[in-house]
Amino acid sequence: MHNVEKRIKEEEDIRPQPFDLNKCHESQVLFQMFQRDYQNLAREMEILIHVKDDLIIFVKKVMEKTKKREEQKVYLPVPQYIDYFQKIKYAFNLLGKTSHFLEQSSVQELVCSFFQSLEYVIYYCPDGKTLPKQINSPLLTDNAINLLKKNLENNQIEYWKELDIAWNISRNNWPSDEAIPPAYTPTFYDGWKLPEIHHEPVKTVEKD
């Protein structure tokens, strides 16, 4: 009997101790990082939806102008075209950030749809040959550039390349002898504002 009790005691000593996940500092850090990444994704998707809505509104304005005077081009005020060009570059950047969370078919459809609208607007732009090339801000990100390369048709890629450095060079590769274009903050037709970014510090847990 004494030997049995001794063996049980030995087994209890080597038995793995209960693991409390809540006390694991590394797990808490990972969870907080996941929450932060999810919040960032939700924010960027919300912004992309509002940007897309504004792009649609502007393209409809251009279409209405062209229908009224089909025999000649009738233009909207130039600042509205500038706003459109900035927004569509911003949309490509947002897609570059969020594309890996979306189905590839949806990503390709959005890229092609945006680019087709870009071609249409440039055609009906008062200075379509030079104005788009002057829109440096925002610069396309590396992710956005790779996204365009991956999803555009060959003829669209050629068209995109003709838009020159402002549409083909990222901030990382911008010429060192030229000033980096300023950051871009969009404004929206309905007055919607960009949601604030909340940076929550990672909480530390004292180890027992």
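Where is Leu-139 found? In this predicted model, Leu-139 sits in the loop between α4 and α5, and with a relative accessibility of 7%, below the 20% limit for burial, Leu-139 counts as buried. Leaving out residues up to four places away in sequence, Leu-139 touches Lys-89 and Asn-93, together with Ala-166, Ile-169, Ser-170, Arg-171, Trp-174 and Pro-181. A separation of 53 residues in sequence lies between Leu-139 and Gln-86, whereas their C-alpha atoms are 9.0 Å apart in space.

The protein chain contains seven helices and zero strands, so that, read from the N terminus on, its elements follow the order α-α-α-α-α-α-α. Of its 208 residues, 34% count as buried. When contacts between residues at least 6 apart in sequence are considered, 80% of them join residues at least 24 apart. A pair with a wide separation in sequence is that of Gln-39 and Ile-197, which are 158 residues apart along the chain and 9.0 Å apart in space, C-alpha to C-alpha. Gln-39 belongs to helix α2 and, with a relative accessible area of 42%, is partly exposed.

The packing of two helices is considered next. In general, two packed helices are described by the angle between their axes and the distance between the axes. For helix α3 (residues 78–98) and helix α5 (residues 142–151), the axes come within 8 Å and cross at roughly 90°; since crossing angles of 65 to 115 degrees count as roughly perpendicular, α3 and α5 are therefore roughly perpendicular to each other. On the α3 side the contact involves Phe-92, Asn-93, Leu-95 and Gly-96, which meet Asn-143, Ala-144, Leu-147 and Leu-148 of α5. The residues of this contact divide into five nonpolar, three polar and no charged. Asn-93, which takes part in the contact of α3 with α5, is also among the residues touched by Leu-139.

In soluble globular proteins, nonpolar side chains tend to be buried together. In the present model, the largest nonpolar core has 41 residues, and those with the most contacts inside this core are Tyr-84, Phe-85, Leu-118 and Trp-160. Two or more residues are given to the core by each of α2 (25–68), α3, α4 (104–123), α5, α6 (154–161) and α7 (165–168), with the largest share, nine residues, coming from α3. For Trp-160, once neighbours within four places in sequence are set aside, the contacts comprise Phe-115, Leu-140, Ile-145, Leu-148, Lys-149, Leu-152, Trp-167 and Asn-168. Among these, Leu-148 is also one of the α5 residues that meet α3.

Aromatic rings form a further set of contacts, and the count comes to ten aromatic pairs. The pair of Tyr-120 and Tyr-124 is tilted, with 5.0 Å from centre to centre and 50° between the planes, and Tyr-120 is partly exposed, with a relative accessible area of 25%. In the pair of Tyr-123 and Tyr-124, the ring centres are 4.8 Å apart and the planes stand at 85°, so this pair is edge-to-face, given that planes over 60 degrees apart fall in that class. Elsewhere, ring pairs link Phe-58, Tyr-81, Tyr-84, Phe-85 and Trp-167 into a cluster. Of the members of this cluster, Tyr-84 and Phe-85 are among the residues with the most contacts inside the largest nonpolar core, while Trp-167 is in contact with Trp-160.

Notes. Residues are numbered from 1 along each chain as its sequence is written. This is a predicted model: local features need pLDDT of at least 70, side-chain atom pairs count only at pLDDT 80 or more; totals for chains, interfaces and linings use all residues. Side-chain values use heavy atoms; hydrogens and water are left out. Axes are lines fitted to C-alpha atoms, for helices over the stretch in contact, and angles run from 0 to 180 degrees between N-to-C directions. Helices (H or I, at least four residues) and strands (E, at least two) are DSSP runs, numbered from the N terminus. Angles under 35 degrees count as roughly parallel, over 145 as roughly antiparallel, 65 to 115 as roughly perpendicular and the rest as oblique. Contact means heavy atoms within 4.5 Å. Ala, Val, Leu, Ile, Met, Phe, Trp, Tyr, Cys and Pro count as nonpolar, Asp, Glu, Lys and Arg as charged, and the others, Gly among them, as polar. A nonpolar core is a set of buried Ala, Val, Leu, Ile, Met, Phe, Trp, Tyr and Cys residues joined through side-chain atoms within 4.5 Å. Buried means under 20% relative accessible area, exposed over 50%, partly exposed in between (1.4 Å probe, protein chains only). Rings of Phe, Tyr and Trp (its six-membered ring) pair if their centres lie within 6.5 Å; planes under 30 degrees apart count as stacked, over 60 as edge-to-face and the rest as tilted.
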